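Here's a quick briefing to read alongside the sequence and the 3D view. Keep both open and look up each spot as you go.

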Amino acid sequence: MEASIKDDLRKLKDSKREIMRFMMGYKFALDEINTKINILQQEFQFVHDYNPIENVSSRVKSPESIMKKATKKGIELSRSDVKKTIKDIAGIRITCSFETDIYRLSTMLQNQADLKVLDVKDYIKNPKPNGYRSLHLLLVVPVFMSDRVEEVCVEVQIRTIAMDFWASLEHKIYYKYNKEVPVDIIRELKESAESAAQLDRKMEKIQLRMNKLKDQIGDDEDLSEILIDKERFRLPTNFTLNRMT
Ligand code: 0O2
């Protein structure tokens with residue numbers, strides 16, 4: 001009798017360890033992708049003097065959320081079925097200032113030789129009927145463990161600040177009304193998604209004009225840095241001389 005309790009406890013401990021290891025794979029995959037994003041961000045800043053990324057956040061789905069999704073999808077709770085079916089256990093959300101940055105970043109990630117692109121969903125070119133916009137990538141990253149290599153899927157959502165603002169409010173509303181959102185709110189959300197898209201287009205145009213202006217001013221070598229009220233400004237050397245003398 002005592003031996004059987006011991007056996008049961010050992011089995012329980014073993015399966016707990018395996019689940020922990022399974023979840024760790026997703027955490028390591030996030031670490032790998034986060035490092036890649038960090039490298040791209042720093043190198044891009046250095047080469048182009050510009051940072052296309054505003055914010056990066058990541059999370060591993062909680063076991064409760066995984067179980068809920070598995071039940072919703074009607075799959076067994078085995079590790080292999082969960083791994084095959086639930087692709088967003090590891091998720092990264094990146095916010096960019098402009099739509100062009102989203103596609104630029106997406107291309108840079110998709111071109112990395114050690115990553116496999118499982119799927120790309122472009123809800124920017126094809127927004128969801130409710131107005132949701134974002135670019136979703138499903139990337140498979142190899143994670144080198146002590147005794148094996150695990151291929152782990154990570155969902156990367158890339159969006160502008162305006163898209164993110166809209167999605168987080170819509171998410172909150174959806175849960176507040178327990179998924180029974182009043183029709184007038186659905187309509188207003190749809191309208192605000194269009195306003196957010198318009199804002200993105202306007203900001204992009206302003207950025208384009210700024211870039212043209214920068215090109216007219218000339219290369220970095222022609223710029224001088226001045227400090228005004230502790231703010232750093234980069235102005236054409238001539239301009240600085242004319243104004244400062
Ligand atoms: P959470 O809590 O953010 O993780 P899936 O349901 O993932 O198996 P699907 O629907 O093909 O398959 O995935 P899709 O379209 O790539 O969307 C997955 C995730 O995108 C969602 O995860 C949300 O994070 C986000 N998303 C998609 N559509 C909407 C939307 O209409 N509004 C908002 N606010 N977010 C959306 P989860 O698991 O649903 O939620």
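**Starting at one loop**

D88 sits in the loop that runs between α3 (79-85) and β2 (90-96). Keep in mind that this is a predicted model. We'll look around D88 first, then step back to the whole protein, and then visit a few other spots.

**Around D88**

- Is D88 buried or exposed? D88 is buried, because its relative accessible area is 10% and the cut-off for buried is under 20%.
- Leaving out residues up to four places away in sequence, D88 touches R59, K61, K69 and E155.
- With K61 there's also a polar contact: the side chains of D88 and K61 are joined at 3.4 Å.
- I66 is 22 residues away from D88 in sequence, and their C-alpha atoms are 9.3 Å apart in space.

**The whole protein**

- How many helices and strands does the protein have? There are 7 helices and 7 strands.
- If you walk along the sequence, they come in the pattern α-β-α-α-β-α-β-β-β-α-α-β-β-α.
- The protein has 245 residues, and 33% of them count as buried.
- Take the contacts between residues at least 6 apart in sequence: 61% of these join residues at least 24 apart.
- The accessible surface adds up to about 16800 Å², and carbon and sulfur atoms account for 55% of it.

**The ligand and its surroundings**

- Which residues are closest to the ligand? They are K73, K121, Y123, K128 and N130, out of 17 residues that surround the ligand.
- R59, which we already met as a residue touching D88, has a polar side-chain atom 3.1 Å from an oxygen atom of the ligand.
- Q157 also has a side-chain N or O atom by a ligand oxygen, at 3.0 Å.
- For E170, the partner is a nitrogen atom of the ligand, which lies 2.8 Å from a polar side-chain atom of E170.
- On its own, the ligand has 730 Å² of accessible area, and the protein covers 69% of that.

**Helix α1 and the loop after it**

- G25 is part of helix α1.
- G25 counts as buried because its relative accessible area is just 5%, and buried means under 20%.
- Apart from neighbours within four places in sequence, G25 is in contact with V143, M145 and V152.
- Now find C153: it is 128 residues from G25 in sequence, yet the two C-alpha atoms are 9.7 Å apart in space.
- Where is D49? It lies in the loop between α1 (2-48) and β1 (53-60).
- D49 isn't a glycine, but it has a positive phi of about 55 degrees.
- D49 counts as partly exposed because its relative accessibility is 33%, and partly exposed covers the range between under 20% and over 50%.

**A nonpolar patch on the surface**

- L199, M203, I206, M210, L213 and I217 make up a nonpolar patch on the surface.
- Together, these residues have about 550 Å² of accessible area.
- One of them, M203, is in helix α6, which spans residues 183-217.
- M203 has a relative accessibility of 40%, so it counts as partly exposed.

Conventions: Residues numbered from 1 in each chain as written. Predicted model: local features only at pLDDT ≥ 70, side-chain atom pairs only at ≥ 80, totals over all residues. Heavy atoms only, no water. Helix = DSSP H or I, 4+ residues; strand = E, 2+ residues; numbered from the N terminus. Buried < 20%, exposed > 50% of the residue type's maximum accessible area, 1.4 Å probe, protein only. Contact = heavy atoms within 4.5 Å. Areas by Shrake-Rupley, 256 points an atom, 1.4 Å probe, with all protein chains shown as cover. Patch = residues over 30% accessible without salt bridge, like charges linked within 9 Å, V, L, I, M, F, W, Y side chains within 5 Å. Salt bridge = Lys/Arg side-chain N within 4 Å of Asp/Glu carboxyl O. Near = heavy atom within 4 Å. Polar contact = N/O pair within 3.5 Å; in protein donor to acceptor, adjacent residues only side chain to side chain.
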